[in-house]
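Subject: Structure for you to look at

Hello,

Here is the structure I said I would pass on. Please open it first; my notes follow below.

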Amino acid sequence: MNLKISSEAMLAGVEKMNSFGTRLTGSKGHTDFINYLKDEIGKMGIRIFSDPFYFKRWEEKDSSIEIIDGDEKINIPVSSAYPYSGETSEDGITEELVYVNDVADIKDITGKIAVFEISNVNFIPSEVAFDKRSSYPEDVLLPSKYEGPVITSFVQCFYGLVSKFSKAKAVILVWKGLHDDCVRGQYLSFILGYQKIPMLWVNETEGKRVIEAAKEHKSAKFVLTAITEENAFTESFYCILKGKNPKETVIVNTHTDGTNCVEENGAIALLELMRIFKDRELERTHIFVFTTGHFRLPRFKDIRTGSFQSASRWLAMHRDLWDGRGSHFKCVANLTLEHMGCKEWRDIDGEYKYTGEQEVELVYTGNKFVDRLYIETVKNREHIRTMTLRGHNALHFGEGQNFFTMGIPEISLVPAPYYLCVVSDTHEMEKFDAELMAEQTETFAELIEKIEHISAKELGRSEPYSVVKAKSVSGGRDFSISGLAETVRNKIKK
């Protein structure tokens with residue numbers, strides 16, 4: 001069977017996706033993209049099942065910061081707005097700036113604009129978040145410390161809550177330790193509910209000016225207006241390619257909302273996979289799932305399925321398609337495709353640029369059997385730099401987590417470039433590799449074909465999360481309680 005996928009097809013699909021604009025959950029761009037996907041699937045003659053949702057949608061309209069220095073007004077460029085943080089009137093808020101350097105300063109922010117520095121989280125051993133299974137080639141490594149804008153915003157996400165309880169009027173968050181170009185347009189953090197206090201990000205260079213003004217007790221005009229819809233519409237949908245086996249399913253999934261050309265382009269790959277397999281006589285029923293809500297997780301997650309990703313809601317609503325109880329279908333494998341075709345960009349000698357490498361393909365594999373299956377499948381690739389992982393310390397990034405927590409053996413592609421959540425005019429296309437995306441899609445086509453001939457017993461179940469102890473992802477010692485204790489003792493001695 002011909003599984004070849006052209007890079008031209010991937011590029012055309014991603015460019016079409018970009019033409020709809022930024023696809024934040026429930027936005028016009030997102031809705032238009034969903035309609036495009038459904039039209040393409042309709043042309044294949046495949047039936048579509050839709051799950052409609054209504055939710056309160058928030059989207060930045062305008063933002064600005066002006067420091068007031070006597071009669072002079074100094075414009076401070078905004079890197080981005082904090083999603084679902086809150087809003088001001090069009091006239092904004094004009095109040096004194098207060099730099100919060102330590103806990104004692106919090107008492108002074110009532111009725112004022114709080115200023116916090118958000119330092120790059122570069123002190124967490126990568127093995128706290130990741131437990132390595134395999135890599136290909138074998139010399140693929142991750143940094144020894146887990147860092148970057150996404151994890152930094154996730155870990156340090158409590159400043160809005162602190163400011164709200166302290167009755168501040170607004171918050172300015174200053175990135176520290178990350179290149180100014182890296183933080184521009186970051187749609188972070190998207191994991192929290194509506195904060196009811198307006199917050200804006202500024203880069204480190206501009207942030208120094210804000211902090212200096214705050215130390216001198218200067219005031220600033222702060223504006224953050226937003227578009228809000230109380231009953232915004234969005235939808236998840238899925239399609240079924242029926243197989244001969246009356247009991248077993250394979251679920252292939254991604255999400256449709258996103259910020260740029262890689263987040264999320266998995267739906268373009270799913271279209272190609274459906275075109276390949278739609279006319280084939282399949283052994284198992286294959287279900288292709290396109291979920292909404294990844295960028296509004298507080299509204300769309302459903303912890304009844306043990307996960308915090310958007311597909312958790314779909315799983316809770318459609319147990320008949322996967323849980324194997326009674327007359328229900330039994331899902332024997334899951335394939336999740338996210339963030340495809342990523343080039344690696346980093347701060348190199350003070351310049352944020354392409355390293356010449358592809359971003360490491362982080363791939364969660366549910367157990368040792370499917371891990372070997374994946375590694376053997378990628379060995380014929382021209383462009384490959386991958387590391388497979390086990391869910392670890394209750395952490396598992398990406399939409400594959402939903403299936404992992406339900407015991408379904410998964411192979412879940414979820415690279416994590418620094419620009420993953422950036423909203424920009426270019427849609428980050430300078431960081432996209434269509435040939436790599438084509439190869440990644442071909443890998444999953446091969447996996448679908450191979451899984452067709454593997455029994456459910458062989459595929460097994462996903463193993464549970466590993467806890468504390470982890471195989472090193474950075475080439476150092478494996479992580480353990482005793483090793484952590486030794487590291488702490490050495491730091492104390494120093």
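I start with Arg57, which counts as buried because its relative accessibility is 6%, under the 20% cut-off. Please keep in mind that this is a predicted model.

Arg57 lies in strand 1, which covers residues 49-69. Its side chain makes a polar contact of 2.4 Å with the side chain of Glu59. Leaving out residues up to four places away in sequence, Arg57 touches Thr25, Gly26, Ser27, Tyr84, Ile227, Thr228, Glu229 and Ala232. Tyr194 is 137 residues away from Arg57 along the chain, with 9.6 Å between the two C-alpha atoms.

Next, the charged pairs. The structure holds 33 salt bridges, and I looked at three of them.

In one, the side chains of Lys43 and Glu40 meet at 3.0 Å, N to O. Why are these two separated by about one helical turn? They sit three residues apart in helix 2 (residues 28-43), so the separation is about one turn. In general, an α-helix has 3.6 residues a turn, so residues three or four places apart point the same way. The two partners differ in exposure: Lys43 counts as exposed at 67% relative accessibility, while Glu40 is buried at 14%.

Another pair is Asp108 and Lys107, with their closest N and O atoms 3.8 Å apart. Here Asp108 is partly exposed, at 34% relative accessibility, and Lys107 is exposed, at 63%.

The remaining pair is Glu283 and Lys244, with 2.9 Å between the closest N and O atoms. This salt bridge links distant parts of the chain, the two residues being 39 residues apart. Glu283 is in the loop between helix 8 (266-277) and strand 13 (285-291), and Lys244 is in the loop between strand 11 (219-241) and strand 12 (248-255). Both are partly exposed: Glu283 has a relative accessibility of 33%, and Lys244 has a relative accessible area of 48%.

Salt bridges that share partners also form a network, which joins Glu40, Lys43, Glu272 and Arg275.

Now the nonpolar interior. Which residues of the largest nonpolar core touch the most other members? They are Leu97, Val115, Ile172, Leu173, Val252, Phe290 and Ile411, out of 117 residues in that core. Helix 8 supplies the largest share of this core, nine residues. Taking Val115 as an example, and setting aside neighbours within four places in sequence, its contacts are Leu97, Val98, Tyr99, Val100, Ile172, Val174, Val210, Ile211 and Ala214. Apart from the largest core lies another one of 13 residues, including Phe130, Val140, Leu142 and Ile151.

Last, helix 13. This helix has 18 residues (434-451) and reaches 26 Å from its first C-alpha to its last, close to the 26 Å expected at 1.5 Å a residue. Of the 18 residues, 15 are buried, so helix 13 is largely enclosed by the rest of the structure. Its N-terminal end is capped by Asp433, which has a side-chain oxygen 3.0 Å from the backbone nitrogen of Glu435.

Regards

Note on methods. Residues numbered from 1 in each chain as written. Predicted model: local features only at pLDDT ≥ 70, side-chain atom pairs only at ≥ 80, totals over all residues. Heavy atoms only, no water. Helix = DSSP H or I, 4+ residues; strand = E, 2+ residues; numbered from the N terminus. Expected span 1.5 Å × (residues − 1). Buried < 20%, exposed > 50% of the residue type's maximum accessible area, 1.4 Å probe, protein only. Polar contact = N/O pair within 3.5 Å; in protein donor to acceptor, adjacent residues only side chain to side chain. Salt bridge = Lys/Arg side-chain N within 4 Å of Asp/Glu carboxyl O. Core = buried A, V, L, I, M, F, W, Y, C linked by side-chain atoms within 4.5 Å. Contact = heavy atoms within 4.5 Å.
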